[in-house]
Structure formats: structure tokens, C-alpha cells
Amino acid sequence: MVSNVLYHCPCLSASSVPPPPHLESSAYSFHPLHTLFFCEECDAVRCNRCVSVEVSGYYCPNCLFEVPSASVRAEKNRCARNCFMCPNCRNTLSVVPSDPPDAGDGRLSAPISTVGEPPFFLYCNHCRWDSSEVGITFEKPTGLAAQLQKLEDYAPESLEFDRLKEHFEPILRASSLSSSSSVAPSISHSHHHSNPITAAASAALARDIPGVAKYTPHARSGRPSGKDRSANKDEMPEYKSRLDINHASTYGSGGGDVDVELMRRLEDVSEIASLEQRWNYSWSTSLETRDLKPLRIPLHSKRSKRCPACTHILIKPEQKAQSVRYKIKLVAANYLPAITVALPHQIEMLGHISAEAAKRSTKAPVDDDKDTRGGLQAGKTYPFHMSLTNPLYDPIQVRLSVQRMHVAAAVSSGEGGTIDKARRPPFAISIPTTPFSVAPFAEAWEYEDDEEMFGLDDDELEARLSGREKEPKPRSKTVGILEKRANVTVVGGEVALGKEARGEVKFNMLVAYTYRSDDPAPSEGHDISPSKKAALETKTFAFYTVVDLGNIIPKEEARIDPYDV
Amino acid sequence: MAPIRDKFTIHSKAIVCQDVELKGDITIGSGTIVHPKATIFAVAGPIVIGSGCIIEESAIIVNRRKEVMRIGDDNLFEIGCRIEAPSIGFFNTFSTRSRVHHTVRISSFCVIGANCVLAPADDDTLSDYTVVYGPSAERRTWTGKGKIQEADLRRKHAEYLREMLPKFNRLRRGDGT
């Protein structure tokens, strides 16, 4: 119900005019300001949907070690250095020595050595799971990844996969030979390579080079020619798997009788591993919780984002994993004025509620009164305040205009139009249309007229929060520039709701601002482009926003069902 | 409500800081350490705390029932926890901000994880070696591995505090006040 302002990103579409906000599909083109970027070259707003993302580095979230991209593939996107994830609660496991032998109750026979005693095992501090429950112990506290690697390599799934690869290699090689211009896939190995680097090298050797006779270590009976191609392909030997498929389900949740038996014998639901516990594994594993094995921690990536049109980098994080800052940070908040909207009668109402709540601590708040007083009631006129904050070091001239909504031919959703009729003409917005200026951003101490303004604000606030509902301040106008303070300008507008109005009060607003850069001092993150260096050069930028003032409480249902909002 | 009569029986080897709020009939065993800003309220019935316990800051131990609330030895009550369990065994750990209702009886070697709320509707007993963790307070049983090292660590923790706390905090001595 809180009123907010969202910014429109055209997302490379041809027309920059956003869709009218009462359409459902328009929700996707509007974003809050803090999620938007600004490309300086194209002079355009970019959002997370239109920006192109690329990985700028990988790191382990536990040890914060930056993994070079070559090892990422070799280590299968996991940390290679002793970082393990508890299969039960997915926290980090620590390597822990076993307890020394226990003589009696609570009395230690010998002081515990600092290194600890083997066998070592993995231990989760959070849920107290330890790897001895699945039978994994280590003799040394370091080099765990290597010790576990052996286990992983001899898992039935890996062996089965390797066998499949061996089976299909000759066939793929044959088919790649027979095709005339083949860019041979890297799977044409001559024999099984465990090391991906030598595999890649042998694939490069086996690649088809036009003009050079192909080297084949095996003599093939059906030497490939055009006619024999199909015959070769059909001659695929049958694959014999290592394990019988019926027994395979003991290793993984392959369905079948084993799983059914498990379910029949089930005593407690916690014996079955939950989805969050299972979906991090590469292969489908057994369903039981006690079979869950510790996993190496998957790596996270740092991403950099580029403008889709001109491919300039908008966001580039620092290389170090532990730093959260950015080398390049072209965010829209540094370029576009931040607009917030507030309804003064809501603020007043909130002040009353909190004052009343402070007085009577246990009584439940009266909800329907709150809704009708604080919400937007059909048939009334409400003023609203919009504050614009200027992030630039230069003053800007802002001009606002409400976008006309073509709603004459709008159809209701086919339900007779009584429920959720888009509030089309039912409200009228009036905002100041004359250009007004907003002061530039500067350090807090540089604003001279601060104290006066703040004094006024305190009085106003007191007048609003305490006492009865009265005219907050005798204002001569509610529409127009209300105040200017530091680099913020507050303008007031009015929304008049029709008697039959329903739904949300949302309207598109075009904000056009011009700024002059007469001193070439760069703002944050700017690339100094030539046009700015010229003195008194004015640049104009315009963007659309959608202002959402909240839901309208329909008139006739105001008393009956206050929760209809 | 009858006025609460304060009666504190604090062992001479226990370390109770000046800034602790004590109310009611409280017995504190030897070697127990109560950090400043802890709260022990024996509102309706007495509280008996065993030896070697560590009660950290902002911990709240409340007894709202008439029966005696017995807390065993070597328990750790971390910062911000709120305990109303009528009986607690030994070597338990109540992590930061955990809350235990008065319907739960806790045995020994249990661990209540951080921010976990143990408030079952009916009377419940946590058996030995239960670990409660996660936002929805899931439970599982600990095998007990590592308990000797943890016991050793807790003793060292208590010894360290016994040395350091009196250097920086005023201690409450003896009976009353």
C-alpha cells in the first residue's frame, strides 16, 4: 500500500513510451531506481533484463579463494581446498580431530594435544553432523580434497559414465571421419583420457585438417566413403552397462523396487532426504538422509555487466573476492534524480496511530478506521508530495508531465466490469508543469539555509503528529513547488478520484531534466565526454516513471469490507 | 501477588557481577559465572543453578512456576537467550537468542541452536544429545563425537572468565543486596 515511484527502462525497444500502467504487462518495464544502470555512451537507462552479463571471476564463498577459470572446469565448479558443505544443514564443515580416549566421567587422563588425534573427520558446528556417520574419516587434516577425490572417482556413477564414454568414442570418431567437412568434436579420443588437458590435446590432434590424410591408429574395416556412411552408423555395437539396471536404484533414486521398499519401511519422515539437501548433487543420489555425503562447496561467480547496445562496461567488480566494491559502477542513481512520493494525509494518520498506540499498549488497533482514513477514498481529492533529489554536481531544471492514457477503448476483463475495473478516467492528476530547478549535490555543510528549513520541519511535524486532524499548514496552493532544501525539491500535486473509481492509482509521468555543465569537474563514475567540457552546454535527458499512489477504497464498500484493498 | 522475597545463596567460588538482576530465591553453585546484564528472575519458585555454568549477557532465566527450577552443571547460556525450562541437565548449550518454553524439559548434552524457539504446546522432554537447529527448529541426535573436546573447551572458557571478569567488573558478593 505504500506509494512509490518506479522508473521505466525501454529495454532497447523502439518506442520509449511505456505502456499504460493499468495493463498487467507493464509491471515488467518498471523498476526501482536502485536496480537500474545508466550507460553514458548511449545516454540511456539500462535495467537488469536488458543488460548483458558475463562472469568476471570465480571464488569459493567459504575460503574466499579466487579460482582461476582454468581450474574451475577441472574441479567441476567446486572448491578444491578443504571446503565442504554439510549435507544436512548446508553449512560449512570443519575438520576436527577425534576425542582422546576417555578414562572416566569428565576427568581427562591426559591434556588434549593441540594438533589432535587421528582419525580426523568433518564436523558441522551448526547441526552437529559429522562425517563418521557416512564413514568418511581422514588420516591427515590437510589435503582432504585429494583424499575424497579417490572416493568420488570410484563411485558407481562415475565409472558408469566413463564406460559410456568409452563405448561411444569409436562410433563418434567414425562418424566424424565419414562426414566430409567435419569440425570434429573434442570427443574423438583414441583412448580414454582421465586428464582433460591431454584429452583436449588428443582431440586437437585428431581434428580434421583439409588436405592432410587422417591419422587413425586403428585399421577400420569399412573405410568411410560416401556410400558407406550410413552403414557405419548403423553398426553400433550394443552397450552393456556395468551394473544391472534393477540394482542401479540402490545407488540412486532411480525408482524401482528398492525405493518402494524404502518407502514401505519408512518410520519417520526425516529419514528421507529433503529436496534442498539433494539437489546440489551432480548425480541423483539415494533418497535416505543417512546416505547423504559431504559435498565440496560450489563456487560462486562475480559478474560484470555490459550495455547491450554499445558493450561498454556498466558494472565491474573488484578482483578480490572479499571486496564488495566495484571498479566501475555506472548506476542510474548517480545520474537520475531520485523521486519519492508521499501522501501527507497518510503520514498524518500514521502519526496518529503511533501516538494512540503508545497510549494504549494492549488494545488492538482499529483497522477499518485506519484504512478509511489513510487510504484513498473514492470521490475525494488528495494532495500528494513528490520529492526529487539531484545526484549531480550541477543544478538541474526539471519538467514533469503526466502521460495521457488512452483508455477510451479499454475493456473490462469480461466480468461485467464491476470487479477490478481499471481506474481509467476515474482520477485526474494535476502536477506543476512549469520547469523548476533542483540544487546540485554538495556536502552537507555547504548548504547555508539548512537550519531554517530544519526548524520549520520540526514545527510542521509536531503540528501533524500531535493533536487532532486539522489543516496541516495553511497553504495557499497544494499544487506547485512546495519547498527546496539542500539538493531536494518537493513539489505538490493533487489527485482527484472519481466517485466510481476502483483499483490502483497509477500514472505514468515523463520527467525531463536539463543540466548545464559549466565546470568540467567530473561527478562520480563519469567519463568526461567532450560535450560536457564545453561551457554552458545544456543536455537534456528524459525518462518515464510510474507513480503509484496506492489502492482506492471504493465508496460503497468502505464500511463493509475494509480489507478489500 | 505476594512480594518476592530475595534470597540469594551464591557459592564463594561463583563469580556474579554487580550488574546482574536477581530476584527471588536463587542458588548459584560453585564455579558458575554470571556476566553483567544477565537476568535471573525466580518470580514464582526458586531457581537452583549448578556448578560451572556460564550465563552470558542479556540471558534471561525465569521461573514462573512454583516448583523449583533446577539447572545442572556446565551449561552455557549464550547472549540473549531466554530460558524457562523447569529442569535442565548438564553440558547443554543454549545458543544466542534461543528461547525455551516452560513446557520443555532438557536432559544433558543438548544444543539449542541460535534463534531457535522451542515452544511446543504440550510437555516435551528433549532426550540426551538432541540438537535443535535451523529456522524451523528441526531436531536431530548428535552422536556425541567431540564431546570431550567440547567439555574441555567449556572448562577452559570458564577458567578464563574466572580470571578476567573480576578485573573489569565489580562483583556481587555474598548474600542479599
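1. Among contacts in chain A between residues at least 6 apart in sequence, 71% link residues at least 24 apart. The model is predicted, and every point below should be read with that in mind. Chain A has 565 residues, of which 36% count as buried. Its secondary structure comprises 12 helices and 23 strands. The chain exposes about 33000 Å², with carbon and sulfur atoms supplying 54% of that area.

2. Helix α2 of chain A spans residues 144-153, and Leu144(A), Ala145(A) and Leu148(A) are buried in it. Viewed down the axis of α2(A), the buried residues fall within an arc of 85 degrees, so they line one face of the helix. Ala146(A) and Lys150(A), on the other side of α2(A), are exposed. The cover over the buried residues of α2(A) includes four strands of chain A: β7 (84-85), β8 (92-98), β9 (117-124) and β10 (295-296). As background, an α-helix has 3.6 residues a turn, so residues three or four places apart point the same way.

3. Strand β10 of chain A also takes part in a salt bridge, through Arg296(A). The partner of Arg296(A) is Glu75(A), and their closest N and O atoms are 3.1 Å apart. The pair links distant parts of the chain, since Glu75(A) sits in the loop between α1 (69-74) and β7 of chain A, 221 residues from Arg296(A). Arg296(A) counts as buried because its relative accessibility is 6%. Glu75(A), at 25% relative accessibility, counts as partly exposed.

4. Which side chain of opposite charge is nearest to Lys302(A)? Glu318(A) is, at 6.7 Å, and Lys302(A) has no salt bridge although this lysine is buried. A salt bridge would need a side-chain nitrogen of Lys or Arg within 4 Å of a carboxyl oxygen of Asp or Glu. Lys302(A) belongs to strand β11 (residues 300-306) of chain A.

5. The side chain of Lys302(A) does have polar contacts with backbone oxygens. One is with the backbone oxygen of Glu318(A), at 3.2 Å. Another is with the backbone oxygen of Ser323(A), which lies 2.9 Å from a polar atom of the lysine side chain. Not counting residues up to four places away in sequence, Lys302(A) touches residues that include Glu54(A), Val55(A), Ser56(A), Gly57(A) and Tyr59(A). Pro317(A), Lys320(A) and Ala321(A) are also among the residues that Lys302(A) touches.

6. How many salt bridges are there over all chains? The count comes to 10. In general, side chains of opposite charge can pair when their charged atoms come close. In chain B, one such bridge joins the side chains of Arg82(B) and Glu84(B), at 3.1 Å from N to O. Arg82(B) is partly exposed, with a relative accessible area of 22%, whereas Glu84(B), at 7% relative accessibility, counts as buried.

7. A further salt bridge in chain B connects the side chains of Lys156(B) and Asp152(B), at 3.1 Å from N to O. Lys156(B) and Asp152(B) are separated by about one helical turn, because they are 4 residues apart in helix α1 (residues 147-168) of chain B. Asp152(B) counts as buried, at 12% relative accessibility. Salt bridges with shared partners also join Arg128(A), Glu150(B) and Arg154(B) into one network.

8. Glu84(B) appears again as a contact of His102(B). Leaving aside neighbours within four places in sequence, His102(B) is in contact with Arg65(B), Glu84(B), Ala85(B) and Pro86(B). His102(B) lies in the loop between β15 (99-100) and β16 of chain B and counts as partly exposed at 29% relative accessibility. From His102(B) to Ala121(B) the C-alpha to C-alpha distance is 10.0 Å, with their positions 19 residues apart in sequence.

9. Two residues of chain B other than glycine deserve a check for backbone geometry. Phe109(B) has a positive phi, near 60 degrees. Phe109(B) is in the loop between β16 (104-106) and β17 (111-112) of chain B, and is buried, with a relative accessible area of 15%. Asn115(B) has a positive phi of about 65 degrees. Its place is the loop between β17 and β18 (117-118) of chain B. Is Asn115(B) buried or exposed? Asn115(B) is exposed, with a relative accessible area of 52%.

Methods: Residues are numbered from 1 along each chain as its sequence is written. Chains are lettered from A and ligands numbered from 1 in the order in which they are written. This is a predicted model: local features need pLDDT of at least 70, side-chain atom pairs count only at pLDDT 80 or more; totals for chains, interfaces and linings use all residues. Side-chain values use heavy atoms; hydrogens and water are left out. Buried means under 20% relative accessible area, exposed over 50%, partly exposed in between (1.4 Å probe, protein chains only). Helices (H or I, at least four residues) and strands (E, at least two) are DSSP runs, numbered from the N terminus. The arc is that of the directions from the helix axis to the C-beta atoms. Contact means heavy atoms within 4.5 Å. Accessible areas come from the Shrake-Rupley method with a 1.4 Å probe; for residues, only the protein chains shown count as cover. Lys and Arg count as positive and Asp and Glu as negative; His and the chain ends are not counted. A polar contact is a pair of N or O atoms within 3.5 Å; within protein, one must be able to donate a hydrogen and the other to accept it, and residues adjacent in sequence count only if both atoms are side-chain atoms.
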